[in-house]
Number of protein chains: 2
Amino acid sequence: MAAEFEIIARYFAPIAGAAGLGLLDDAALVQPPAGHDLVITTDALCAGVHFFLDDPAETIGHKALGVNLSDLAAKGAKPLGFVLSLILPSDIQEEWIANFAKGIELLAANTDCPLIGGDTVYSNGPLSISITAFGSVPQGTMVKRGTAQAGDKLFVTGTIGDAALGLLQHSAKREGRSLQLSTDYSASLIERYLRPRPRNTVAPVLRDYARAAMDISDGFIGDLTKLVSLAGLGANVWLNDVPYSVAARAAFRADAGLIETALTGGDDYELLAAVPSQHAKAFIAGCLKFGVTATQVGEITEACQSIRFLESDGKQRHFSSPSYVHGDG
Amino acid sequence: MAAEFEIIARYFAPIAGAAGLGLLDDAALVQPPAGHDLVITTDALCAGVHFFLDDPAETIGHKALGVNLSDLAAKGAKPLGFVLSLILPSDIQEEWIANFAKGIELLAANTDCPLIGGDTVYSNGPLSISITAFGSVPQGTMVKRGTAQAGDKLFVTGTIGDAALGLLQHSAKREGRSLQLSTDYSASLIERYLRPRPRNTVAPVLRDYARAAMDISDGFIGDLTKLVSLAGLGANVWLNDVPYSVAARAAFRADAGLIETALTGGDDYELLAAVPSQHAKAFIAGCLKFGVTATQVGEITEACQSIRFLESDGKQRHFSSPSYVHGDG
């Protein structure tokens, strides 16, 4: 086991941005662009809770940064950089650290979000990773979570439920159980679970057109409920319009009960946005320009605290456990 | 065990600053003062490594924030706020959380450094805390670590070694071993270990007069070596001039070997600064204005990588283990 300083120097200093001062100082130095606000988000991931320690280390690095980037995307912010706290079990292999750093580096480079600082601790506990990420928005333009208004259309990006179904497939595979899906479908769902795709490209589209937004990390139903409730409003949500991938639809054909898993499971890292109706078309077109599909799934209503999830026959559906709980709470 | 959201709402939302948006959004929103740079630091603390889980929870909260504030102080930065990642064992008592929050709140209020965001995860591992703190400096004035020049005088604030001696006393007390010191001395050393006093008041004095600085967290000898080496220079350090508290001197009388513990042990959270000689008097006077003693302990020399620790008789002393290692590395 190399000393902390050597590990940082070998694997992390090369991927650090200029603001990180080579990771040799006590602090990072950031100059937010003039006339911009700074957006800050923090997320911790724990082995056995948010990932399996035997997942490829590179995907764990990707995911740890990705979930933070997703929060920046939801706020309409452009990434500036991030700091990394690593709590490592004392028997961790250096190869693990190298691969973890590789996963982080690739996503950091793709999103222009350099590492600028960190801390490493060895303990006798499970591996955990805490990242704080920074972004900027032109002053006063951060997209908030609780500011939706009645009449706004509710949109989601991409497809819902792939990661939750991927987790089921991943667990089955790890335990040697047989998969109910073709290898291709199974692999694509597992990939969505292991390697979330934060929607940072459409952050400017959110800033231009969305009145409120958040990322979907704890399940579509639960997160939508949070966004609507925080505004003190209600919503009608058309479950039949929720966008699913081909692989997810194949999973539903094998087991219809999985629709509930898709709607309430975590780790989507898609965006949920409330968009004034006059901007709906521009919002869809803006997202498409970046190759991202935005689908309307409902609308905000005046009906305080009444969120109706409607089936195609108009019947209301109730969810006993609307959010995925990562062993939290 | 209350759900994450309730715990945040009950104990942390009331202590959150305006930038934290009530801890109800995905992100915090910070507007750094115009013409200022943002200084960012992050430190993780782990039960069994940096503190004992049966330490008073209020002191653990104080320490977790304090070690980050100390880094901001060393950079000459004024605190702006912090985000908190908590990884809690699933059987944690609510009372622990309440007291932990109280410890954080008090220090946050005293240093004008509000909580602005966070994440809480329950796991089967040891409790760990990761804090990322933000500060600001007028553009271009952050005090760096590696910028000392030959001829600069080396200063430390306060007294050295109290926390390392306090840890010995604390461990003896926990294990029911008899203490070699009077109860008063022992208590004052333990207090220094449990409740570090970050030197944020003198941050502007560092900005005005210091050419390089860092906080002393891993031991005086080791940290001084880092500061000097990073500048590619050497130093003469007069061990006889290192400032000790009355309690530390009493401990040395009982066991002269403890001087080495004091010089190399961690958790001082004092500041080490390289000050151009023409500013030395103003630096001392500036610190004193805030009630902080600054003591010259050496000077930077041209002699590349040669750091000489000198006894009062002029003999050079060597340290086999110059830094305290928190089970890290």
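**Chat on a two-chain model**

Reader: Where is the place of Y269(A) in chain A?

Author: Y269(A) sits in the loop between α9 and β9 of chain A. Helices (H or I, at least four residues) and strands (E, at least two) are DSSP runs numbered from the N terminus. This is a predicted model, in which local features need pLDDT of at least 70 and side-chain atom pairs count only at pLDDT 80 or more, while totals for chains, interfaces and linings use all residues. Residues are numbered from 1 along each chain as its sequence is written, chains are lettered from A and ligands numbered from 1 in the order in which they are written, and side-chain values use heavy atoms, with hydrogens and water left out.

Reader: What is the phi of Y269(A)?

Author: Positive, about 55 degrees, although Y269(A) is not a glycine. Most residues other than glycine have a negative phi.

Reader: Is Y269(A) buried or exposed?

Author: Y269(A) is buried, with a relative accessible area of 7%. Buried means under 20% relative accessible area, exposed means over 50%, and partly exposed is in between (1.4 Å probe, protein chains only).

Reader: And D267(A), what is its phi?

Author: D267(A) has a positive phi of about 75 degrees and is not a glycine either. D267(A) lies in the loop between α9 and β9 (270-275) of chain A, and it is buried at a relative accessible area of 3%.

Reader: Switching to helices. Which residues of α8 in chain A are buried?

Author: In α8 (residues 246-254) of chain A, the buried ones are A247(A), A248(A), A250(A), A251(A) and F252(A).

Reader: What covers the buried residues of α8(A)?

Author: The cover includes α4 (162-174), α5 (183-194) and α9 (258-264) of chain A. Contact here means heavy atoms within 4.5 Å.

Reader: On α5, where is S186(A), and what is its side chain in polar contact with?

Author: S186(A) is in helix α5 of chain A, and it is buried, with a relative accessible area of 2%. Its side chain makes a polar contact with the side chain of Q169(A) at 2.8 Å. A polar contact is a pair of N or O atoms within 3.5 Å; within protein, one must be able to donate a hydrogen and the other to accept it, and residues adjacent in sequence count only if both atoms are side-chain atoms. Leaving aside neighbours within four places in sequence, S186(A) is in contact with Q169(A), L179(A) and L181(A).

Reader: Now the two chains. How can chain A be laid on chain B?

Author: By a turn of 180 degrees and a shift of 0.0 Å along the axis, with an RMSD of 0.0 Å. That is the relation of a two-fold axis. The superposition is by least squares on the C-alpha atoms of residues with pLDDT of at least 70 in both copies.

Reader: Which residue of chain A comes closest to the rotation axis?

Author: G125(A), at 2.4 Å (C-alpha).

Reader: How many residues does the contact take from each chain?

Author: The contact takes 57 residues from chain A and 57 residues from chain B. The copies meet through the same surface, since 100% of the interface residues of chain A are also interface residues in chain B.

Reader: How much area do chain A and chain B bury between them?

Author: About 4400 Å², 60% of it on carbon and sulfur atoms. Buried area is the accessible area (1.4 Å probe) that two parts lose on being put together, summed over both.

Reader: How many salt bridges does the rule find across that interface?

Author: Zero. A salt bridge is a side-chain nitrogen of Lys or Arg within 4 Å of a carboxyl oxygen of Asp or Glu. Between chain A and chain B there are nine residue pairs in polar contact (both at pLDDT 80 or more).

Reader: Which element gives the most to the side of chain A that touches chain B?

Author: β2(A), with nine residues. By class, that side of chain A has 28 nonpolar, 17 polar and twelve charged residues. Ala, Val, Leu, Ile, Met, Phe, Trp, Tyr, Cys and Pro count as nonpolar, Asp, Glu, Lys and Arg as charged, and the others, Gly among them, as polar.

Reader: What is the count of salt bridges over all chains?

Author: The count is 28. One of them joins K153(B) and E299(B) (3.1 Å, N to O). K153(B) lies in strand β6 (residues 153-157) and E299(B) in strand β10 (residues 294-301) of chain B, so the pair ties together parts that are 146 residues apart in sequence. K153(B) is buried at 19%, while E299(B) is partly exposed at 23%.

Reader: Which residues are linked in a network of salt bridges?

Author: D162(A), R192(A), R199(A) and E270(A).
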